[in-house]
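Trainee: I would like to take a close look at one part of this model, the packing around a single helix, before turning to a few other local features. Could you walk me through it with care?

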Amino acid sequence: MSGTNQRIDGKRLWDSLMSMAEIGATPKGGVRRLTLTEVDRRGRERFTEWCQALGLTVRVDAIGNMFARREGRDPGRLPVLMGSHLDSQPSGGKFDGALGVIAGLEVMRSLHDLNIQTEAPIELVNWTDEEGSRFGHSLMGSGAWAGIYPLEKVYGLTDVEGVTVEQALTGIGYKGEHPAKPFPADAYFELHIEQGPILEKEGKRIGIVTGAQAQVWYDAKVTGQDAHAGTTPPSARRDALVCTARIINLVDRMMRARGEDGRGTVGQLHVFPNSRNVVPGEVRFSVEFRHPDFAEVERLAAQFPREAGFLARDCGTPLELTELFRLPAQPFDPACVDLVRQAAAKLGYPAREIVSGAGHDAVYVARSVPTAMIFTPCKDGLSHNEAESIEPEEAEAGCQVLFEAVLARANRAL
């Protein structure tokens, strides 16, 4: 490890988190900072101001990812990256994503205050649209950067009002001139709240994230027939919502059949024509499954379309199912993970190894760059919710581990 006993400024970190939370603040104490909106632009501008005040060089790539660079002593060394995202869910919390970005900023500030010049450059990243809540495609910025999604395809994605990603980027002035593609980097570290209950339940201050679980996502559309609610008897109904309800129940049953490791969710539902006295003629909805074992996700991906199709057939309502993506489980780099482990031990923080149940930008970055993640607890495991909450000392602990791991990696002997 670094061998230093230098400390980050926990109060400054917390004050900056609260300052960023003012942008898009909601009445219930959360944030609504949807990607590539005017509110997102304001958050990006505040982030830029903070970075430039430290003398960091900020550049923006073609998908809006932001990179703030602090030079190292050796210009030939590859940079060490750290970061997360500033966009939120429609009714999100203050810390999901923002903790990783603002903690990275605090690492930069502490290096500056302590007059520490690292051997390798360090870059802080704000990834575009991790949440996927506006354009329906999570991990968009890191996915485009990593070459998972062709940039032109991403540019053409639309929100519910028909605005494309490219139009939104241009509209807020963040369609950058730098190419959105991987560049050589030495490592990437991402601090994030756990978004689950394990660390809090076990009294652990730090999660040493060894990887992320496998996922498969779908867009679904059930087509029935609009009909008068009062005059259409059961034998004449083709109710798209009834079929959808049965498929939702299938998703839940398939999840629970996999025990506590199973995950299955329908989180988005659009009913048409959405009138109280009309039998629904069309429903569009999302489906996702997750599991630590990719073989189990493969089985789910084989079983679900078949069984959902049977339900749709029995209802007389055709089902269109589009698989959006299928992600294998992503292990993180053992050497980077070990730096997190060493940092937690050096600092005396109770810690445990954990697999991420959520997708993060780190999952795609890990395909190009050695990667590790750090988790902090969050109250009751609650996230994607305005009531999302962590304690200041938890944020400070996570940031201190990030500081130690990044410093050790940037100063390692080659």
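Trainee: Which residues in H1 meet which residues in H12?

Mentor: Bear in mind throughout that this is a predicted model. On the H1 side the residues are Gly10, Leu13, Trp14 and Leu17, and they meet Pro392, Ala395, Glu396 and Cys399 in H12. By residue class, this contact of H1 with H12 divides into 6 nonpolar, 1 polar and 1 charged. As for the geometry, two packed helices are described by the angle between their axes and the distance between the axes. Helix H1 spans residues 10–21 and helix H12 spans residues 392–410, and their axes come within 9 Å and cross at roughly 110 degrees. An angle from 65 to 115 degrees counts as roughly perpendicular, and H1 and H12 are therefore roughly perpendicular to each other. The crossing in which H1 passes H12 is right-handed.

H12 also packs with helix H3 (residues 98–113), at an angle of about 60 degrees and with the axes 9 Å apart, which makes H3 oblique to H12. The crossing of H3 and H12 is right-handed. From H3 the contact takes in Leu99, Ala103, Gly104, Glu106, Val107, Ser110 and Leu111, while H12 contributes Ala395, Cys399, Leu402, Phe403 and Leu407; the residues of this contact divide into 9 nonpolar, 2 polar and 1 charged. Reading the two contacts together, Ala395 and Cys399 of H12 appear in the contact with H1 and also in the contact with H3.

Away from these helices, the structure holds 10 aromatic pairs. One of them is formed by phenylalanine 67 and tryptophan 127, an edge-to-face pair with 5.8 Å from centre to centre and 85 degrees between the planes. This pair links distant parts of the chain, since phenylalanine 67 belongs to strand E2 (residues 66–70) and tryptophan 127 to strand E4 (residues 122–127), 60 residues apart.

The backbone deserves a look as well. The peptide bond from phenylalanine 272 to proline 273 is cis, with omega near 5 degrees, and proline 273 lies in the loop between strand E10 (269–272) and strand E11 (278–279). Asparagine 274 is found in the loop between E10 and E11 too, and its phi is near 65 degrees, a positive value in a residue other than glycine.

Finally, an unreviewed UniProt entry carries the annotation "domain: Peptidase M20 dimerisation" over residues 215–304. In the model, the end C-alpha atoms of residues 215–304 lie 13 Å apart, and the span is 31% helix and 33% strand.

Conventions: Residues are numbered from 1 along each chain as its sequence is written. This is a predicted model: local features need pLDDT of at least 70, side-chain atom pairs count only at pLDDT 80 or more; totals for chains, interfaces and linings use all residues. Side-chain values use heavy atoms; hydrogens and water are left out. Axes are lines fitted to C-alpha atoms, for helices over the stretch in contact, and angles run from 0 to 180 degrees between N-to-C directions. Helices (H or I, at least four residues) and strands (E, at least two) are DSSP runs, numbered from the N terminus. Angles under 35 degrees count as roughly parallel, over 145 as roughly antiparallel, 65 to 115 as roughly perpendicular and the rest as oblique. A crossing is left-handed if the near helix is turned anticlockwise from the far one by less than a right angle, and right-handed if clockwise. Contact means heavy atoms within 4.5 Å. Ala, Val, Leu, Ile, Met, Phe, Trp, Tyr, Cys and Pro count as nonpolar, Asp, Glu, Lys and Arg as charged, and the others, Gly among them, as polar. UniProt positions are given in the numbering used here, feature names are shortened, and annotations may be inferred rather than shown by experiment. Rings of Phe, Tyr and Trp (its six-membered ring) pair if their centres lie within 6.5 Å; planes under 30 degrees apart count as stacked, over 60 as edge-to-face and the rest as tilted.
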